[in-house]
Structure formats: C-alpha cells, structure tokens
Amino acid sequence: MSYSIYKVFIDAGHGGSDPGAVNGNFYEKDFALDIAKHTRDRLNSYGVQTRMSRETDIKLTPNQRAAASDAYGANILVSIHNNAGGGTGIETWKHDNSSSYVKQLAQAVNNKLVSSLGVRDRGVKSAPSQRGENIYVIDPVATKAWAILPEILFMDTIADLEKLKSSTFRRNAGYAIADGIISFINTLPPMQ
Ligand SMILES: [Zn+2]
C-alpha cells in the first residue's frame, strides 16, 4: 500500500494570544502543538504527505486554518485540541453535516487513541458550527477535506493534566492519531 498519494493537514489548536484551556503554567496551545508534531512525524514515516497549520506559537482564525488545508489539497484534516470543563478521557468530534467517511475516520482515530493510551472512551460526537468557532475548521462549508477534531484529555482534571505533562504520553497520543488515520486509509478503495 502506497500512502504517498494522501495529504493530511494537521492543525494544532489555538496559538499566540489564544492559549486555549489553561491550568497553572500549562497551556492547551503548547500540548496541542507538541502532539501535532508527533502526528506529522508518524504520518511521514508511513510516506503520507503532511502540512501543519502552524509549527510555532502563532494565532490563526478557524477560517485561515481551513483555507490553508484546502489550498494544500488535503484529503484529511485533523484539528488537535485538549478538552476542559470537567471530565476525563478522549472524544472525537465530527460536524453534523459531514459525510459517512468522516464518521468512519473519527471512529478509527478515537479507537486508536483510547486503546493506545488506556483512557476513558467518551466516543465520537457530532455538532453544528458557527463561523469563528474552533469546530468551524471541520465544517464541510469551510473545508473539502474529511475533517475531525479529537479532544485529548482534560486540562482542568488533575489526573488528565498529569498525563498531558508527560512528553512520552504526548508522543504516544500523536502516534495514535496517525495510526488511526492510517487504519482509516486502509479501509478506502484504491485511489487513482
Ligand atoms: Zn481547544
């Protein structure tokens, strides 16, 4: 199987003046970027083409992220976030208007994350979006790519934050996202 025909756009959530969820000295924008870089490295090791929305601490609008994915011609877009609001574990979002392929992609990535990391499975979830919201990045109105948004543990839950503080855990999370994308690609009919 040649993976080099596939392009994956990896979006690290938040950045710059938008830190995302904050707990003490720990910022979602930093965790998300570190996980995203590991996803990129793992996908590249399979031969998948990748591009990142950001590799440094800069702020981008949801529309800029989605537009960059389409300009790149990405087949798949993954927007990486960490959760907040009380709870534990992993959930993966799709948009209400996304195709059945996106649901399969979300399920594949969610399954790999949960099995690899041994954390609570909160499942695949679906929502609408408003322009300007984080989830707008994965709205089919904004991007042609099959797009999902995994939320990797909760910044405001102590046990989850302790895991996120581990560079090994973040690497494993990034690898699990990549492995989930690969297992989804493996279910697709051959592309010309
Ligand atoms: Zn976020």
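In the predicted model, Leu 105 is in contact with Ile 76, Trp 146, Ile 148 and Phe 184, when neighbours within four places in sequence are left aside. Leu 105 is also among the residues that touch the most other members of the largest nonpolar core, a group that further includes Val 8, Ile 76, Val 78, Ile 148, Ile 177 and Ile 181. This core holds 53 residues. At least two core residues come from each of β1, α1 (28–46), β5, β6 (90–95), α3 (100–117), β8 and α5. The largest share is that of α5, with nine residues. In soluble globular proteins, nonpolar side chains tend to be buried together.

Ile 148, one of the contacts of Leu 105, is placed in strand β8. Ile 148 counts as buried because 30 other C-beta atoms lie within 10 Å, where 20 or more are required. Beyond four places in sequence, Ile 148 is in contact with Val 78, Thr 92, Trp 93, Lys 94, Val 102, Leu 105, Ala 106, Val 109 and Ile 138. Ile 148 and Ser 98 are 50 residues apart along the chain, and 9.4 Å separates their C-alpha atoms. Val 78, already listed as a contact of Ile 148, is also its bridge partner. The strands involved, β5 (residues 76–83) and β8 (residues 146–154), pair in the parallel sense over five bridges.

These two strands belong to an open sheet of six strands, with the order β4-β1-β5-β8-β6-β7 and mixed pairing. At the edges are β4 (49–52) and β7 (121–127), each of which pairs on one side only. The average turn between neighbouring strands of the sheet is 20°, direction ignored. Helix α2 (residues 62–72) packs on this sheet and touches β1 (7–12), β4 and β5, with a direction at about 165° to that of β1. Helix α5 (residues 167–185) also packs on the sheet; the strands touched by α5 are β1, β5 and β8, and its direction makes about 145° with that of β5.

Strand β1 runs parallel to β4, to which four bridges join it. Within this pair, Val 8 stands opposite Thr 50. Strand β1 also runs parallel to β5, here with five bridges, and Phe 9 stands opposite Leu 77 of β5. Five of the six residues of β1 are buried, so the strand is mostly covered.

Two residues that are not glycine have a positive phi. His 14, with a phi of about 65°, is found in the loop between β1 and β2 (22–23). His 14 counts as buried because it has 24 C-beta neighbours inside 10 Å. Leu 153, with a phi of about 60°, lies in strand β8. Leu 153 is likewise classed as buried, on the basis of 25 C-beta neighbours inside 10 Å.

Helix α1 consists of 19 residues and reaches 27 Å from its first C-alpha to its last, close to the 27 Å expected at 1.5 Å a residue. The buried residues of α1 include nonpolar ones such as Phe 31, Ala 32, Leu 33, Ile 35, Ala 36 and Leu 43. Glu 28, Lys 29, His 38, Thr 39, Arg 40 and Arg 42 of the helix are buried as well. Gly 47, just after α1, takes a positive phi of about 95°.

Taken over the chain, the secondary structure comes to five helices and eight strands. Along the sequence these elements follow the pattern β-β-β-α-β-α-β-β-α-β-β-α-α. Buried residues account for 49% of the 192 residues. Of the contacts between residues at least 6 apart in sequence, 79% join residues at least 24 apart. The C-alpha atoms fill a box of roughly 50 × 35 × 30 Å along the principal axes. The radius of gyration is 15 Å, which agrees with the value near 16 Å that a compact globule of 192 residues would have.

Methods:
Residues numbered from 1 in each chain as written. Predicted model: local features only at pLDDT ≥ 70, side-chain atom pairs only at ≥ 80, totals over all residues. Pairing = 2+ DSSP bridges. Axes fitted to C-alpha atoms, helices over the stretch in contact; angles between N-to-C directions. Contact = placed C-beta atoms within 7 Å. Rg over C-alpha atoms; globule rule 2.2 N^0.38 Å. Buried ≥ 20, exposed ≤ 12 C-beta atoms within 10 Å, placed from the backbone. Core = buried A, V, L, I, M, F, W, Y, C linked by C-beta atoms within 7 Å. Expected span 1.5 Å × (residues − 1).
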